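Visitor: Please take me through one part of this structure closely, starting with the charged pairs and the places where they sit. I would like the terms explained as they come up.

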Amino acid sequence: MRISDIKKAEIASADNMDSVWYITKQNQSFADLCYMSHILEDWNNDEFENYESFFNRSKTKQEYGSLSENTPHRATINCVPAGLLTTNDPYNSDNLTPLYYSIKERCNANFANTQSYQDLINNQLQSFVLRVNNNNMNPLLFLLKILLQIGDATGEYKITINEFKLFVATTSLWKDYFKVTDSILRYREDSVYKNECDSARTQSVQDVRIQKFLANHEFIETEGKELVLQDQFIMRARKLVANFEVNGTTAEQSRLTYYVNGKDATLNKDVVSYLSAIRTKPFLLLAGISGTGKSRIVRKLAQATTTAKLENCDEQTLNNSRWDLHKPANFEIIQVKPNWHNSMDVVGYQTNIPTPRYVFTPFVEFIAKAWQHPTVPFFLCLDEMNLAPVEEYFAEFLSAIESRSKKGNTYETDPIIKPFKDFNYENEQGKKCSLAEDMVNLLLPGYNAGNMPQHIIELSKRFKKKGLTLPENLVVIGTVNMDETTFSFSRKVLDRAMSFEMNEVDYDSFLEDTADIITEPLTAKASTLLVDRPIKAQDVKDKVDADFIVSYLKAVNEKLDNTPFKLGYRAANEAMLYVAASKSFGQDSIATALDEFTTMKILSRIEGDTTKLRVDDNSDKTILDELETVTKDFLKPANKLAVHQEEQPAEENANGEDNAPVKDVVVAAPVELKSLDKIKRMKEQLKRNSFVSYWD
C-alpha cells in the first residue's frame, strides 16, 4: 500500500470536528477580530445589556470597522485562537489579552491598518496550536512545511484549497508531512485516486475554513482557490520551519515579539514573574552569585518603561536609543555601604552645621522625582543590599511599605520623613523657625519660580503637611550576594519582600548576546499595571480561585504549625494578589502562580539545622519533606486542567462485555514546578551540611 493510500483512509475517517483543523466558520479576518474585541472592550460587561445585544447594535458602526450586518456575535469566538481573548466562556471584557491592547496601541484602534501590526499577527499565527485527535498541531508551520515540500518537488510553492482541506487539515502529527506531500502529488497525477479521495471527503472536511485564518500571515497569499507561499518569503519560511523542528520555537530571531495563546511572549516566564511580583508588592530581593545580572535587570525594567517626555526627547529618538540609556530618568542605583548602621544614609538628617538645614540623600531625591511623574514606574536599585544590616538602615521604608492604603485614587503610606512643617530651629534671636520652605525648595525643581506648575504646588503642600511618603509608582529592588562579607535577612525583611533566586548561568545565550530577558518596551497597559496596584486581597478575590488558594495555604500552615516559619495574614493577602497579578500579565495557571509564590514567600523563610527542621524527635522527616508533599498534592494536579471532555461510545472487550464509556480528556502540558526543584536542592543541602538556608 502506498503512503497516500493510508492518507486517503484517514480522510475517510475524519468524520468529526476533532479530526480536522477546525475553528468557527465566521469572520476570520484579523482586522475584523480586532474590531470584535474592541466591541467587547467597550461593552465592558454591562450588567444592563447582554453582549449579543450590544454587539448587534454596534457592529455596523464605523468605529468598529463597519462589520457586515450578517456578522453574528458568536464570531467573537475566533478572537480566542487569534490570541485576542483568553476564553469565550463566558464573553468577558476582562479576558482581553495583552496582544489585543498592544495591537490597539500600535494602530491607535485603526485595526484596518494591519500593516502597522503585521508582525504581531505573524507571531500569533506561528504560535497558534490546535488540538487534533489528542495531538497538538501547529497549523501555520505545518502548512508552510507542506508548501515548501510541494514547491521543492514541483517548482510551485502552492496547493489548492481543496488539497489543503483533504490532506493538510486532516493531519494530526507533524511527522506525517511526507505522507501528506505524497498524497497531494498523487492526487494531482492519478485520476482514480483523485476520485476516491473526493468520494471519501466528509462534511467535516468540507466545512474546514481555517485556511482563511492562516492567510492572515504575510507569508501566505490566497490566489483564487489556491494557497501560495510568496516568493519573497520562501527563505524566511525555511528558517522558521527549521527552527521549529530543531528547537521547538516559533521565533525567527531572539528579539522578536511574539504571542502564545494571547500572552506576550516577549515577557517570558521569568519577566512575567518579576512584573507579577512588582504588582503584588513593590519591594523585591534578587539574590544569587555575583555577576548574574541582578542590577542589570532593574536597569532593563527602567529602560522598558521610561517615556519620551521623561527623557526629554521625541518618540522616535527614544525608540532608537532606549536600550542604550545607561541611566534612564526613572532609574537610580545606590550602593549600600558596610558602615550603614542607621537610617541617616537613606532618609537624611537635620543638622545645624554650618546653618540649620536638612541633608537629603539620593534615595530621598529619587523618591521626590518619582512623585513628580506619578504615571511612570520608577525603579530604585539598592546594590549589595545586605552589606549592612537591612533592619538598621532601612527601618523607615520597611515600616512604610506595610502601611500602604488606598481610598479611591488616593494612595497613602506612613512617612519616611516626618511632615516638613515639624522641622524647626531657633534663630539667633531665639525665635522658632521652620525648615519646610527650604526643604521643599531643595526637593522640587521649579519651586518658588514664576508660574509654578500646579502639581509642584500640590506636592509642596503635601510634603509640608504629610512628610515624604512612598509614591505609588516607586519600585525598590535590592540585589543580594550571600557570602562571608554579608548579613543574612531576618524574617521581618523577608515577610516584606518578594524574593528571587538568580543562580542560573546560560553561556550559550551569553555568546549569542541573547542573555537579556527584557528586550522589548512594555506596553502602556503593562506599565500601568505596575503603578496602579491593588493592595488588599478583597480587591481581587473575585478574579481568582480564592478557595483553592486558601486551601493550599491552610495545608502549608498545617505542616508549619508550631514552627517559626508559619504563615500569617500577610502571606495570604499576597498570595491572592500574586495569582491575580500573574493573570493580569497573561499567566492563567493558578498552579504556576502558586508555585512561584511558594518559592518566593514560603521557602525563603525556611532556615535551620536538622534538629530545628525535623518534624518530631521520632522521625527523620523534615519540614521540607512535608512541604514537598503538599506542593505535589495541590499544584501538580492543578497543571492538568481538562479543556475538553467527550464520552466515546462503549466498546465490547474480548469477552463480549461492554466496556464503560471512555472519556477523552485533553490536558494542559505539565510544567516543572520551581518550588519542587528548590525543595530538592534544599534537602540535599540539609543532608550535606546538617543546615539549610534558602539563600545558599
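Guide: A residue is called buried when its relative accessible area is under 20%, exposed when the value is over 50%, and partly exposed in between, as judged with a 1.4 Å probe and with protein chains only. This is a predicted model, in which local features need pLDDT of at least 70 and side-chain atom pairs count only at pLDDT 80 or more, whereas totals for chains, interfaces and linings use all residues. Residues are numbered from 1 along each chain as its sequence is written, and side-chain values use heavy atoms, with hydrogens and water left out.

Let us begin with Glu41, which is buried at a relative accessible area of 18%. Its side chain meets that of Lys104 in a salt bridge, with 3.0 Å from N to O, where a salt bridge is a side-chain nitrogen of Lys or Arg within 4 Å of a carboxyl oxygen of Asp or Glu. Side chains of opposite charge can pair when their charged atoms come close. Lys104, for its part, counts as partly exposed, with 23% relative accessibility. Glu41 belongs to helix α2 (residues 30-43) and Lys104 to helix α4 (residues 98-107), so the pair ties together parts that are 63 residues apart in sequence; helices (H or I, at least four residues) and strands (E, at least two) are DSSP runs, numbered from the N terminus.

The two helices can also be described by their axes, which are lines fitted to C-alpha atoms, for helices over the stretch in contact, with angles that run from 0 to 180 degrees between N-to-C directions. The axes of α2 and α4 come within 11 Å and cross at roughly 105°. That makes α2 roughly perpendicular to α4, given that 65 to 115 degrees counts as roughly perpendicular, under 35 as roughly parallel, over 145 as roughly antiparallel and the rest as oblique. On the α2 side the contact (heavy atoms within 4.5 Å) is made by Phe30, Cys34, Ser37, His38 and Glu41, and on the α4 side by Tyr100, Tyr101, Ile103 and Lys104. Glu41 and Lys104, the partners of the salt bridge, are thus also found among the residues that make this helix contact.

For the wider setting of this pair, the count of salt bridges by the same rule comes to 31. One of them joins Arg188 to Glu163, with the closest N and O atoms 2.9 Å apart. This pair also links distant parts of the chain, since Arg188 is in helix α8 (residues 177-189) and Glu163 in helix α7 (residues 161-168), 25 residues apart. Arg188 is partly exposed at 38%, whereas Glu163 is buried at 3%. Another salt bridge runs between Asp422 and Lys421, whose closest N and O atoms are 3.2 Å apart. Here Asp422 is partly exposed at 34% relative accessibility, and Lys421 is partly exposed as well, at 44%. Beyond single pairs, salt bridges that share partners join Lys281, Glu402, Asp495, Arg570, Glu574, Lys601 and Arg605 into one network.

An uncharged position makes a useful contrast. Leu301 has its place in helix α14 (residues 294-305) and is buried, with a relative accessible area of 3%. Leaving aside neighbours within four places in sequence, Leu301 is in contact with Leu275, Ile278, Phe379, Ile477 and Ile518. Leu301 and Ser527 are 226 residues apart in sequence, yet 10.0 Å apart in space from C-alpha to C-alpha.

Two backbone details can be added from the loops. The peptide bond from Ile353 to Pro354 is cis, with omega near -5°, and Pro354 is found in the loop between β10 (349-351) and β11 (357-359). Asn562 has a positive phi of about 65° although it is not a glycine; this residue lies in the loop between α26 (546-560) and α27 (569-584) and counts as exposed at 78% relative accessibility.

Finally, the chain as a whole contains 31 helices and 22 strands, and buried residues make up 52% of its 696 residues. Of the contacts with a separation of 6 or more, 71% are accounted for by residues 24 or more positions apart.
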